[in-house]
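Pull up the model and keep the sequence beside it. We'll wander through a loop or two, some helix pairs and a few empty spaces.

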Amino acid sequence: MGKMDFIGKASSAAGGWGALKSVGKRLLESGAPISGARTLLKANQPDGFDCPGCAWGDPEHGSSFEFCENGVKAVAWEATEKRVPPDFFAKHTVTELRGWSDYDLELQGRLTNPMRYDRATDKYVAVSWDDAFAEIGSVLKSLPDANRAEFYTSGRASNEAAFLYQLMVRLYGTNNFPDCSNMCHEASGVGLKASVGVGKGTVLLEDFEHADAIFCIGQNPGTNHPRMLGDLRRAALRGARIVVFNPIREKGLERFTDPQDKVEMITGGSAKIATNYYQPRQGGDMAAVRGMSKVIFAADDAARAAGQPAIIDYDFINEHAVEFDAYRAAVDATSWDAILDQSGLTREQIEEAANIYMTSNAVIATWAMGITQHKHSVITIREITNFMLLRGNIGRPGAGLCPVRGHSNVQGDRTVGIDEKAPPALLDALEKELGVPMPRNRGHNTVEAISAMLDGTAETFIALGGNFLRATPDSPLIIKAFEKQRLTVNIATKLNHSHLVPGQVSYVLPCLGRTEIDRNSKGVSQIITVEDSMSMVHGSGGINTPASPELKSEIAIVAGIAEATLGNAHVNWRAMAEDYDLIRDMIERVLPGFENYNERVRVPRGFHLRNAAAEREWNTPAKKATFFTGELPAKTEHQQALGEEGIFVLQTFRSHDQYNTTIYGMDDRYRGVYGERQVVFMNPKDMEKLGAKAKQRVDVVGEYGDGIERIAENFRLVPYNIPEGSIAGYYPELNVLVPLHSYGEGSFTPTSKSVLVSVRLRIEADTEAA
């Protein structure tokens, strides 16, 4: 396919032969197709490793294959035979490498040795672990205030690594824990805690087998958590109705061919996923949900007036909820004109969706970043919760709330203490355990950490995994923030752009991957644990030989830094790194729900962390589920854009060939884009108004209005089924347009799904020469 043909035919369904072809391609690229295939057979198995991709749950009775296409990509990416030894860095300066793409950097393979940046040569050079730990500890000890250091955590860190990390950081004296939750599901935690008292989903995977209807709001399972498609497919085949609210038509929500279904694969068949697919405007989901509630109230009034059974579950509400009457008043006060204008849907569509809800006995509501990355994300999640409370769809089989997390242990990291809003109960328990005071001041989240790095009040940045530079908004500002640091440390498996903006002192420390055997100094293999989106905690043990004998586990690296910084007066760090059972024993002592941790995590599927709301125990101030009673947002970004000539609302998302900031390939076959990432998806009617053609090159210009110039240059237009006034494109390429200080109210999550921009034509039409 030539450069001119980057827009091609999209897959007719998610999965299928396209998935198998992609699997084969990624295994071949890894350089180890046979061993890679063997490795996959242990993915998400009781005696294997937890997939390093998404956080979707594992079934109670697993099949021989519990992995998806993106899981294969994640495993092949990590288990590659390619290596990045010290010789690689001797050939390339950091300045040169900064010009490489994200894809090309990670394509080089696994890091093999601890590396220290040498400013004189502009290259990374090998260093011993002891020297690295000693200098990192020396810099940390020299800071005048512990709050001048930022400690980032990626969602791939295990429970044990994250717990040890937060233990080190709090003993050091700060609660500065910017983490990936701040950029994805922070709003879910905030909203759910206010409404039901627990910041997690209330469902188990088995509930999907009993739901009569599943409302998927603002998420794209086909790309972001593909194993969910299997559960949606099974639900649809048994007659459950799948109701989708998503501005963009996504292939994985329309049809799915299960690669494990021989008949579908042979015949080219597929199962329909969405029974009803609605495309609200960007940020219009809250209005759509309130519209459904308005329909329900009207139908309930009519039913009771006619002497028929009530539609609303008043017994549940009277026993378990407060502020119901105030919510009813808020809904009554919300006009249909406001609902329709903000949602972008018709009244008939909203009534149709509400009728599905009213005629279903058990309903699950799921959502992801399409909901959480807006200014009004917290109140939208609370509105979804209101909607579910109306018919008692929380705390019973086949029903509940399901925020679908992204990275494999992002939820577990928060559970074990990675939280800038230090939970008092955790701090109390740590003080009792260690006999020393814990810092009580609120720490920095991601946005606040970047601001502190920019203004000089933070001068050290340590990252436990991830690619902070590319994951965060306002990319040029992040570069300035890194350059101001006295020390930057990145614990990683592969090279990425965060490693290429060094501070005065900079280290890249290579760690074991999830697929690799983790042995202590006595040669004994160890397991780590993770928590999925359904609050299941289970063990994970690698099966592959480590990529280099120099690699250390994340736990051993954290312990090394901690010992060099704090000594062993309160914690025997080396003992913890030698025996992860000791870490789990401490977790058991300080965190509720982890009783008999070491025993329970060694059984198939592990164990479930109790969710009080799922048992209709409400840990809110009122000790009951609490209806949100506020108004709709006065105006969403989409409404603002429609009122201004030439303004669009941009949302960033993943291609099908990436996971978070990791780019596995250059294709997005579900959207029909091949070999190209600098693209902007636009409604054909908007293209016509703009005087533009498919493939035409454009610049996308930020219109935040804060005096900072933000431009994403030289992108190409792709006509797509997206609401007028909306455009979309891939991150991290478009993160340059997301303002650092545009974030969710109450969540601080960057508003990556509602960025005001304009589009400027570069040339009249694409040509082969271009």
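In which loop is Ser-535 found? Before you go looking, bear in mind that this is a predicted model. Ser-535 sits in the loop that runs between strand S18 (528–531) and strand S19 (536–540). What makes Ser-535 worth a stop is its backbone: phi is near 65°, a positive value in a residue other than glycine.

There's another backbone detail further along the chain. Tyr-731 and Pro-732 are joined by a cis peptide bond, with omega at about 10°. To place Pro-732, look in the loop between strand S28 (726–730) and strand S29 (755–761).

Now for the helices. When two helices pack, they are described by the angle between their axes and the distance between those axes. Start with helix H8 (residues 159–172) and helix H28 (residues 580–590), whose axes come within 10 Å and cross at roughly 70°. Since angles of 65 to 115 degrees count as roughly perpendicular, that makes H8 roughly perpendicular to H28. The crossing of these two, H8 and H28, is left-handed. On the H8 side the contact is made by Asn-159, Glu-160, Phe-163, Leu-164 and Leu-167, and they meet Tyr-580, Ile-583, Arg-584, Met-586, Ile-587 and Val-590 in H28. Sorted by class, the H8 and H28 contact has eight nonpolar residues, one polar and two charged.

Next, try helix H23 (residues 446–455) with helix H25 (residues 475–483). Their axes come within 8 Å and cross at roughly 55°, which makes H23 oblique to H25. The H23 and H25 crossing is left-handed. From H23 you'll find Ile-450, Met-453 and Leu-454, and these meet Leu-477, Ile-478, Lys-480, Ala-481 and Phe-482 in H25. By class, the contact of H23 with H25 comes out as seven nonpolar residues, no polar ones and one charged.

The last pair is helix H14 (residues 285–305) and helix H16 (residues 324–333). They pack at an angle of about 105°, with their axes 10 Å apart. H14 and H16 are therefore roughly perpendicular to each other. Here Arg-290, Ser-293, Lys-294, Phe-297 and Asp-301 in H14 meet Phe-324, Tyr-327, Arg-328, Ala-330, Val-331 and Asp-332 in H16. The mix in the H14 and H16 contact is five nonpolar, one polar and five charged residues.

That leaves the empty spaces. Which residues lie nearest the centre of the largest pocket? They are Lys-193, Val-198, Gly-199, Lys-200 and Thr-415, out of a lining of 33 residues. The largest pocket has a volume of about 1,000 Å³. Helix H9 (186–196), helix H21 (410–415) and helix H22 (424–434) are the elements that give two or more residues to its lining. In chemical terms, the lining of the largest pocket divides into 13 nonpolar, 12 polar and eight charged residues.

Finally, turn to the cavities. The structure holds seven of 30 Å³ or more. The second largest cavity has a volume of about 230 Å³. It is lined by 18 residues, with Leu-512, Gly-513, Arg-514, Asp-518 and Ile-528 nearest its centre. The lining of the second largest cavity divides into six nonpolar, seven polar and five charged residues. One of the residues near its centre should ring a bell: Ile-528 falls in strand S18 (528–531), beside the loop where we began with Ser-535.

Conventions: Residues numbered from 1 in each chain as written. Predicted model: local features only at pLDDT ≥ 70, side-chain atom pairs only at ≥ 80, totals over all residues. Heavy atoms only, no water. 1 Å grid on protein atoms, 1.4 Å probe; cavity = no way out; pocket = protein on both sides within 12 Å on 5 of 7 lines; lining within 4 Å. Points joined across faces, edges and corners; volume = space filled by probe spheres on them. Nonpolar A, V, L, I, M, F, W, Y, C, P; charged D, E, K, R; others polar. Axes fitted to C-alpha atoms, helices over the stretch in contact; angles between N-to-C directions. Helix = DSSP H or I, 4+ residues; strand = E, 2+ residues; numbered from the N terminus. Parallel < 35°, antiparallel > 145°, perpendicular 65-115°, else oblique. Left-handed = near helix turned anticlockwise from the far one by under 90°. Contact = heavy atoms within 4.5 Å.
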